Amino acid sequence: MVVAAVYIFIVNLLDTTVKTPEIIEKEFNLPVLTSIPILRRENGKKNNKKGGNK
């Protein structure tokens, strides 16, 4: 269980994804011109298929 907690902590520490536009504005002092929204299917799940909805 400790190994799992350490693993989660390290993965979280190494995560370099941008979570919000405010992070870009704060870290790089640049305005965010646009963003790409996450598309969801009608049932509320993320659309992970390549090529769109079928």
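The exercises below, each with a worked solution, concern a predicted model.

Residues are numbered from 1 along each chain as its sequence is written, and side-chain values use heavy atoms, with hydrogens and water left out. Local features need pLDDT of at least 70 and side-chain atom pairs count only at pLDDT 80 or more, while totals for chains, interfaces and linings use all residues.

**Exercise 1. Describe the secondary structure and the overall burial of the protein.**

Step 1. Helices (H or I, at least four residues) and strands (E, at least two) are taken as DSSP runs, numbered from the N terminus. On this basis the protein has two helices and zero strands.

Step 2. A residue is buried under 20% relative accessible area, exposed over 50% and partly exposed in between, with a 1.4 Å probe and protein chains only. Of the 54 residues in the protein, 2% are buried.

Step 3. The count of buried residues is zero among the 13 residues of α1. For α2, with eight residues, the count is also zero. Both helices are hardly covered.

Step 4. Accessible areas come from the Shrake-Rupley method with a 1.4 Å probe, and for residues only the protein chains shown count as cover. The protein has an accessible surface of about 5800 Å², and carbon and sulfur atoms account for 63% of that surface.

**Exercise 2. Check the length of α1 and locate the nonpolar patch.**

Step 1. The expected span of a helix is 1.5 Å times one less than its number of residues. The 13 residues of α1 should therefore span 18 Å, and the end C-alpha atoms are 18 Å apart, in agreement.

Step 2. A patch takes residues with over 30% relative accessible area and no salt bridge; like charges are joined within 9 Å, and nonpolar side chains (Val, Leu, Ile, Met, Phe, Trp, Tyr) within 5 Å. The nonpolar surface patch here consists of V2, V6, F9, I10, L13 and L14, and together these residues have about 650 Å² of accessible area.

Step 3. F9 is one of the patch residues and sits in helix α1, residues 2–14. F9 is classed as exposed because its relative accessibility is 57%.

**Exercise 3. Find the salt bridge and state how accessible its two partners are.**

Step 1. A salt bridge requires a side-chain nitrogen of Lys or Arg within 4 Å of a carboxyl oxygen of Asp or Glu. The count by this rule is one.

Step 2. The partners are K19 and D15, with the closest N and O atoms 2.5 Å apart.

Step 3. K19 has 55% relative accessibility, so K19 is exposed. D15 has a relative accessible area of 35%, so D15 is partly exposed.

**Exercise 4. Examine the backbone at the end of α2.**

Step 1. Helix α2 covers residues 21–28 and is followed by N29.

Step 2. Phi of N29 is near 55°, a positive value in a residue other than glycine. Most residues other than glycine have a negative phi.

Step 3. N29 belongs to the segment after α2. With 68% relative accessibility, N29 counts as exposed.

**Exercise 5. Show how the segment after α2 is placed relative to that helix.**

Step 1. Begin with E25, which is in helix α2. Contact means heavy atoms within 4.5 Å. Apart from neighbours within four places in sequence, E25 is in contact with L30, P31 and V32. E25 is partly exposed because its relative accessibility is 38%.

Step 2. Turn to V32, in the segment after α2. Not counting residues up to four places away in sequence, V32 touches P21, I24 and E25. The C-alpha atoms of V32 and E22 are separated by 8.3 Å, with their positions 10 residues apart along the chain taken as the sequence separation. At 30% relative accessibility, V32 is partly exposed.

Step 3. Continue with L33, also located after α2. L33 and P21, 12 residues apart along the chain, have C-alpha atoms separated by 9.5 Å. L33 is exposed because its relative accessibility is 80%.

Step 4. End with S35, again in the segment after α2. S35 and P21 are 14 residues apart in sequence, and their C-alpha atoms are 8.1 Å apart in space. S35 has a relative accessible area of 53%, so S35 is exposed.
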